[in-house]
Amino acid sequence: MSLLFKNLRVHQVFGANTDVGKTILTSALVRASAGLGDAFYLKPVSTGPPESADTEHIQRYAGQHKERVHTDCLYQYQEPVSPHLAARLAAGDDESLVLKHPCIPTDATIVNSIAHHIRKCSAMVPGASHMYVETAGGVHSPTLSGTTQLDCYRPLFLPTVLVGDSKLGGISSTISAYESLLLRGYIVDAILLFRDEYYRNWEYLRSYFADRGVHVSTVAAPPAILPDPQENQASTEDYYDSLLQSSGDIMETVNHLDARHTSRLSELESMPRRSLDTFWWPFVQHAHFRKESDVNVIDSAHSDFFTVYRPLDTPQSSVLQPQFDGSASWWTQAFGHAHPSLTLAAARASGRYGHVMFPRASHLPALQLAERLVKDGPGKGWASRAFFSDDGSTAMEVALKMALRAYSTRQGDNLDSTEKKNLGILGLKGSYHGDTIGAMNACEEGVYTCEWHHAKGYWLDSPTVGIKQGKVVITVPSSIQSGDIPRDQLEGEVLAWAYDVPARLNTRLAMVYRSHIENTLEMLRSKGTSLSALVLEPLILGAGGMMFIDPLFQRVLVDVVREMDGTTDRSSWSGMPVIFDEVFVGLYRIGMESTTSILGVTPDISVNAKILTGGLVPLAVTLASNSIYEAFLSETKADALLHGHSYTAHAVGCEVANETFKLLDGLSSSELWAAAKTQWSDGSSNSVWSFWDPRFVDVLSHLPTVEEVMTLGTVLAIKLKDDNAGYVSQSAEVVFQPIELADVEGPELSAAPGGQSFGVHFRTLGNVAYFITSLNTSATVLRSLEDKIWLTLQPSR
């Protein structure tokens, strides 16, 4: 991940194109920096004969402080062609189109090599020094693997100097290169280019970038190459001397880069106090967090990792460290942070539409997304309409309005206006559907509710699924009279057993569930309690404590509710409308697109958010069946669904969501997923699986401090033994505190990009700690994370 040192200022040099003078201008920067202290030059990948390599040019023209100049090249290839082709030719693979040759270094290997080299250089010099990392060709020139340089080097997140193009067409290529850098989040500290007096690109570019706050420096073009080598070297030496005048643009650029480096360090240092003085954070008791060290300053993020500010005692150590995003940023991340495909999708829609209002309108991103969701997504086979909103909570507000209206419309004159206002919902204890008032009213009184909260409904105790001492165990609450349930219906050997709902539907336990639910509903009817919708978080109650609900109980609950009015017409909702809140669990978060594949029933209304946009921007959707939709149809506008948000179906979010589905389609058939599914396979057709290693989960379940552990898909929940269990418990926070800090740097590279030791950012729910990965987290990173979790739970710690 990103490296930032107090003693070593590092800049990466990109070119707007090939043959724009990158090496010449970088030589000038190195030469100027050597006059101030040690100067390091790194060429990660070089092609062509070694005697004409850029490192040789840098050394040859290092100037009077040559002893302070240190040059290196990590990967050198003989053929003077694009790096990806040079690597293939060196591997004897010139006929193949496959770039994943075993002899060709991967992007991760290149990034790790660069980061390791930078750290080594920083350790060499205690005083102020400079380093320049020069790329090859243009910004989109491919690396050895074929990935463009911009994407390959992005995990390093080094501040950038862009060498502009001074030739014909150079204005366009320079601006295009700059925008490509910005789209991937790079910090462009300066632009350098030659002062060509005929094309005069520098005049336009200096004005253009001044409006954008980017420093532009220009220097005279180098002299023509002379046929006599000695005369040519002397001429070139004179040229470099002329560039390094104290008032020249090169020294001005070096000073500017130093100032930018100092400014970045100062800003990071000031952010904790400024944050404490300004923010009101969600879900944080500020009285507990008043020290600057309590603030997690995130400088950037990439893939599964934050880069956080962690100043150490020695100036040779980076003040930035990688930190694994252990909650997938509140359950949102699908493909890791700053995924270029999602960023480009957002830019594409922003450039085409910005934001346009939605009532009685249509735009392609929204239409394509709605059709995908309804016809070939989580709504396939039951939904007919998609209603867009801002986030999970507002989408649940919409879902509740839909259900209440559908129910009250069907009841007609059987409900007066007062009774309609008092309609409640049926749900599960521990449910959470968002922070808006209506969504909170669909939950019982609890820590998330507020003074205006008015719980409307009834919430059932739920049996849960957990892994204890290596066994998959169904825990039935005391409120459900389980009686003489056979042990084999409460305990199994493999995870798939608990989620094979069809095989469990005719068991004694299913009959006990049905009897309990029917008796409860009869009791509520006798008391005059009016229920109008069944609202479920399928399979997992997330914010309620990562409770994995027995899927058999939820299936029986849906069946009983739909049998309440004796209706057999499956073309319309029956009993009460059923709402599935899949904000957390939907779209493969727990290994399946929708929980309907496990429960064996479809809802009348469902909600998706979070992964919907891959974790980039807010967007939510409420899907509804046709019978729900028709409840709002009449000749009176007042009967319409009079609900909406200013940014309903915003084009940026919809286009990002469409791109998310394309990426999901690719992942669903990937080797990564196939390997994870294989390790959880029991030979049956049941589709439940997890990214977490089953052997690791089994070991955790046997630890003396662990009550139970549970996993599905990307989610791992660890429930600690605690006499004061519950949301306000601090036990999980205390136990897992050490995992936040990176280990002491050792000789081996870590699994984080760049190989630097990393800590883990995690969230807790009382005595439950949970960890959530992206959908494409590598097995290497996962195994490393598992090791950290296991070590943290060891008694010696």
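Which residue is the bridge partner of L426 in β13? In this predicted model, the bridge partner is Y458.

**Figure 1. Strand β12 and its two parallel neighbours.** Strand β12 spans residues 424–428 and is joined by four bridges to strand β13 (residues 457–460), the two running parallel. Within this pairing, L426 of β12 is matched with Y458 of β13. Strand β12 also pairs in the parallel sense with strand β17 (residues 531–536), here over three bridges. In that pairing, G424 has L531 of β17 as its bridge partner.

**Figure 2. Burial of strand β12 on both faces.** Five of the five residues of β12 are buried, and the strand is mostly covered. In a regular strand, side chains alternate between the two faces of the sheet. One side of β12 carries G424, L426 and L428, while I425 and G427 lie on the other; these residues are all buried.

**Figure 3. The seven-stranded open sheet.** The strand order is β3-β2-β4-β1-β5-β6-β7, with parallel pairing. Strands β3 (69–77) and β7 (215–219) form the edges, each pairing on one side only. From one strand to the next, the twist averages 20 degrees. At the β7 edge, strand β6 (residues 188–194) runs parallel to β7 and is joined to β7 by five bridges. A190 stands opposite H215 of β7. Helix α9 packs on the sheet, where α9 touches β1 (8–15), β4 (129–134), β5 (160–163), β6 and β7. The direction of α9 makes about 155 degrees with that of β7.

**Figure 4. The crossing of helices α1 and α9.** Two packed helices are described by the angle between their axes and the distance between the axes. The axes of α1 (residues 22–34) and α9 (residues 249–278) come within 9 Å and cross at roughly 70 degrees; the two helices are therefore roughly perpendicular to each other. Helix α1 contributes A28, L29, A32 and S33 to the contact, and helix α9 contributes I250, M251, T253 and V254. Of the residues in this contact, six are nonpolar, two are polar and none is charged.

**Figure 5. Cysteines C103 and C121 in a structure with zero disulfides.** For C103, the closest cysteine sulfur is that of C73, at 18 Å, which is too far for a bond. C103 is exposed, with a relative accessible area of 58%. C121 is likewise in no disulfide, and its nearest cysteine sulfur, in C73, is 13 Å away. C121 counts as buried, at 3% relative accessibility.

Note on methods: Residues numbered from 1 in each chain as written. Predicted model: local features only at pLDDT ≥ 70, side-chain atom pairs only at ≥ 80, totals over all residues. Heavy atoms only, no water. Buried < 20%, exposed > 50% of the residue type's maximum accessible area, 1.4 Å probe, protein only. Pairing = 2+ DSSP bridges. Axes fitted to C-alpha atoms, helices over the stretch in contact; angles between N-to-C directions. Parallel < 35°, antiparallel > 145°, perpendicular 65-115°, else oblique. Contact = heavy atoms within 4.5 Å. Nonpolar A, V, L, I, M, F, W, Y, C, P; charged D, E, K, R; others polar. Disulfide = S-S within 2.5 Å.
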